[in-house]
Amino acid sequence: MSEVRTYLDWNASAPLRPEARAAMIAALDAVGNASSVHAEGRRVRSLVEEARARVAKLVGAKPSEVVFTSGATEANNWALSADWDLIFVCGIEHASVLAPACRSAARVIEFPAGQDGVAQVERIAEFVLRSGAPLGRALVSLQMANNETGVIQPVSQTAMFAREHGLSVHTDATQAAGRVPINFRALGVDLLSISSHKLGGPKGAGALLIREGSEIEPLIVGGGQERRRRAGTENVAAIAGFGAAATAALADLQRVHEIAKWRDLLESEIRCFAPEVAVMGASAERLANTSCIAWPRRSAETLVIKLDLDGIAVSAGSACSSGKVGASHVLAAMGVPSDIARGAIRVSLGPTTGRDDVLRLTAALSAIAQTTVADGGAADAAASDERILEGV
Ligand code: PMP
């Protein structure tokens with residue numbers, strides 16, 4: 001087992017930024033409750049409000065539109081659990097969107113993605129234009145970028161259509177925030193979810209942005225915090241870390257082309273020794289940091305374990321649930337055959353990733369290609385084709 005680690009799993013969780021650590025340590029010693037009127041309380045309140053302004057700036061929103069949550073899972077659950085009559089979702093969404101949609105009392109219409117990984121939002125238009133009847137309270141939930149493939153989704157076009165037809169729109173921007181510029185106002189969506197730890201803040205913090213003029217009933221009640229929108233004493237240290245990470249991530253947006261350069265190097269190097277690999281979503285617009293590489297007839301699980309032993313952290317594009325390996329629901333929704341999907345690993349980079357990290361990974365994969373024969377895929381695929389809504 002190698003001692004020196006190369007971390008290439010930023011979409012699962014980004015390393016904590018030094019700015020976020022410093023802000024959290026400072027906030028940990030701030031005495032008091034942000035709801036108290038005394039000086040201690042006001043000082044804690046100011047930390048929360050400063051973080052709110054920073055998060056708002058990252059996504060081009062007003063501070064009053066930011067409601068802090070425990071993460072994007074809560075924000076997505078909140079958005080999807082409101083009192084909707086009809087919900088449109090694509091099969092490539094994160095489980096924290098799909099599961100609350102399935103549990104809600106609303107009628108749920110799932111639309112597919114193309115093989116390029118782009119959600120076929122035209123299916124929503126077809127449905128809306130075909131159904132003459134009023135839709136009631138209808139929501140479209142469309143992620144901004146996919147966590148496995150990095151494919152960027154047509155959110156603003158969808159929002160434009162939705163607005164014309166009286167539908168509300170939620171976007172899960174968890175993977176996009178800090179990786180592509182976001183302007184909440186210009187996007188035209190009503191609700192937007194983000195997570196702190198994907199952009200270098202602490203885990204366990206996030207936000208739901210609620211467009212001014214939009215209403216959504218609280219998910220968590222029993223306190224007046226967050227202007228009565230989300231009850232519970234604020235996790236001030238995590239919120240302060242989230243705010244600091246948001247400011248740093250905004251500055252790092254300028255370095256996106258550098259990250260894209262390393263991602264492109266990674267893909268071209270791999271093609272040299274394994275020309276059979278397919279990059280999922282390669283023909284679509286993608287996040288600069290994400291590469292989902294499917295190696296036919298290989299087992300992603302085996303690849304991840306071998307790379308881990310070599311000191312490299314990546315993730316499988318498939319998920320493991322109760323010890324049973326199943327094809328990624330994202331790749332399944334894109335129509336990727338299971339023998340290809342089973343060999344899909346996700347490599348995700350960040351602002352501190354460099355050429356050496358990428359070359360270490362490609363050298364390790366090249367060694368695997370030379371020393372082992374294809375081992376997975378078809379045989380496993382027959383064992384389980386079940387859809388598993390997991391993955392980070
Ligand atoms: N949505 C997407 C697209 C994600 O990748 C994740 C993180 N796995 C989440 C939502 C959930 O975010 P959190 O970890 O903050 O609950």
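The following paragraphs walk through the sheets, helix packing and internal spaces of a predicted model.

A good place to begin is the seven-stranded sheet, which is open and whose strands follow the order E2-E8-E7-E6-E5-E3-E4 with mixed pairing. Its edges are held by strand E2, covering 66–69, and strand E4, covering 107–111, each of which pairs on one side only. On average, and with direction ignored, neighbouring strands of this sheet are turned by 20° against each other. At the E4 end of the order, strand E3, made of residues 86–90, is joined to E4 by five bridges in the parallel sense, and within the model valine 89 stands opposite glutamate 110 of E4.

From this sheet we may turn to a pair of helices, H2 (residues 39–58) and H9 (residues 236–252), which pack at an angle of about 30° with their axes 8 Å apart. The crossing in which H2 passes H9 is left-handed. On the H2 side the contact is made by Val44, Leu47, Val48, Ala51, Arg54, Val55, Lys57 and Leu58, while H9 contributes a set of residues including Val236, Ile239, Phe242, Thr247 and Leu250. Sorted by class, the contact of H2 with H9 has 14 nonpolar residues, along with two polar and two charged ones.

H9 appears again at the largest pocket, since the lining of that pocket takes at least two residues from each of helix H1 (18–28), H9 and helix H10 (256–273). The space in this pocket comes to about 330 Å³, and its lining consists of 23 residues, among which Trp10, Arg17, Asp252, Gly350 and Pro351 lie nearest the centre. By class, 12 residues of the pocket lining are nonpolar, five are polar and six are charged.

H10 leads on to another sheet, an open one in which four strands take the order E9-E10-E15-E12 with antiparallel pairing. Strand E9 (278–279) and strand E12 (315–316) each have a single partner strand, so one side of each is left without a neighbour in the sheet, and these two strands therefore stand at its edges. E9 and strand E10, the latter made of residues 290–294, run antiparallel and are joined by two bridges, and valine 279 stands opposite isoleucine 293 in E10.

Two helices lie across strands of this four-stranded sheet. H10 lies across E9, E10 and strand E15 (344–348), running at about 15° to E10, whereas helix H11, which covers residues 300–309, lies across E12 and E15 and runs at about 45° to E15.

The last feature to consider is an enclosed space, for the structure holds one cavity of 30 Å³ or more. The volume of the largest cavity is about 30 Å³, and the residues that line this cavity are Ile270, Val277, Ile293, Trp295, Ile345 and Leu365. Ile293, which is one of these lining residues, is also the residue of E10 that stands opposite valine 279. By class, the lining of the largest cavity has six nonpolar residues, with no polar and no charged ones, whereas the lining of the largest pocket has five polar and six charged residues beside its 12 nonpolar ones.

Methods
Residues are numbered from 1 along each chain as its sequence is written. This is a predicted model: local features need pLDDT of at least 70, side-chain atom pairs count only at pLDDT 80 or more; totals for chains, interfaces and linings use all residues. Side-chain values use heavy atoms; hydrogens and water are left out. On a 1 Å grid over the protein atoms alone, a cavity is a set of points where a 1.4 Å probe fits but cannot get out, and a pocket is an open set with protein on both sides within 12 Å along at least five of seven lines; lining residues have an atom within 4 Å of a point. Grid points are joined across faces, edges and corners, and a volume is the space filled by probe spheres set on the points. Ala, Val, Leu, Ile, Met, Phe, Trp, Tyr, Cys and Pro count as nonpolar, Asp, Glu, Lys and Arg as charged, and the others, Gly among them, as polar. Two strands pair if DSSP finds at least two bridges between them. Axes are lines fitted to C-alpha atoms, for helices over the stretch in contact, and angles run from 0 to 180 degrees between N-to-C directions. A crossing is left-handed if the near helix is turned anticlockwise from the far one by less than a right angle, and right-handed if clockwise. Contact means heavy atoms within 4.5 Å.
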